[in-house]
Amino acid sequence: MKKALAILLTAFLLVSLFISCGPEPKVELTIKFDGNGEDVEGEMDDLKVYKGE
């Protein structure tokens with residue numbers, strides 16, 4: 001019984017390790033620019049970047 005439990009625990013730990021080592025999902029961030037009021041002419045588009053870049 002102890003051997004079966006040890007095998008099951010080892011398998012669970014290995015599966016958990018493989019799942020946690022997967023690629024990190026990309027997180028998209030949007031940077032918005034404010035013209036500091038209405039005195040500024042023109043507009044600037046939002047800038048989309050990914051976390052870590």
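How many salt bridges does the structure hold? Let us work that out together, along with a few other exercises.

A word before starting: this is a predicted model, in which local features need pLDDT of at least 70 and side-chain atom pairs count only at pLDDT 80 or more, while totals for chains, interfaces and linings use all residues. Residues are numbered from 1 along each chain as its sequence is written, and side-chain values use heavy atoms, with hydrogens and water left out.

**Exercise 1. Find the salt bridges and say what each one ties together.**

Step 1. Start with the criterion: a salt bridge is a side-chain nitrogen of Lys or Arg within 4 Å of a carboxyl oxygen of Asp or Glu. The structure holds 2 of them.

Step 2. Take Glu 28 and Lys 48, whose closest N and O atoms are 4.0 Å apart. Glu 28 lies in strand S1 (residues 28–31) and Lys 48 in strand S2 (residues 47–50), so this pair ties together parts that are 20 residues apart in sequence. Strands here are DSSP runs of E with at least two residues, helices are runs of H or I with at least four, and both are numbered from the N terminus.

Step 3. Now take Lys 32 and Asp 46, where the closest N and O atoms are 3.1 Å apart. Both residues lie in the loop between S1 and S2, so the pair ties together parts that are 14 residues apart in sequence.

**Exercise 2. Sort the four salt-bridge residues by exposure.**

Step 1. Fix the classes: buried means under 20% relative accessible area, exposed over 50%, and partly exposed in between (1.4 Å probe, protein chains only).

Step 2. Apply them to the pair from the strands. Glu 28, at 44% relative accessibility, counts as partly exposed, while Lys 48, at 53%, counts as exposed.

Step 3. Do likewise for the loop pair. Lys 32 has 63% and is exposed; Asp 46 has 40% and is partly exposed.

**Exercise 3. Describe the surroundings of Lys 26.**

Step 1. Place the residue: Lys 26 is in the loop between helix H1 (2–20) and S1. Its relative accessible area is 63%, so Lys 26 is exposed.

Step 2. List its contacts (heavy atoms within 4.5 Å). Leaving aside residues up to four places away in sequence, Lys 26 touches Tyr 50 and Glu 53.

Step 3. Check the backbone: Lys 26 and Tyr 50 are 24 residues apart along the chain, and their C-alpha atoms are separated by 6.5 Å.

**Exercise 4. Characterise helix H1 and its place in the fold.**

Step 1. Read along the sequence: the chain follows the pattern α-β-β, with 1 helix and 2 strands.

Step 2. Compare the helix with its expected span, which is 1.5 Å times one less than its number of residues. H1 has 19 residues and reaches 27 Å from its first C-alpha to its last, close to the 27 Å expected.

Step 3. Look at cover. H1 is hardly covered, the count of buried residues among its 19 residues being 0. For the chain, buried residues make up 0% of its 53 residues.

Step 4. Finish with pLDDT, the predictor's confidence in each residue, from 0 to 100. The mean for the chain is 83, and 89% of its residues reach 70 or more. Among the elements, H1 has the lowest mean pLDDT (86) and S1 the highest (93).
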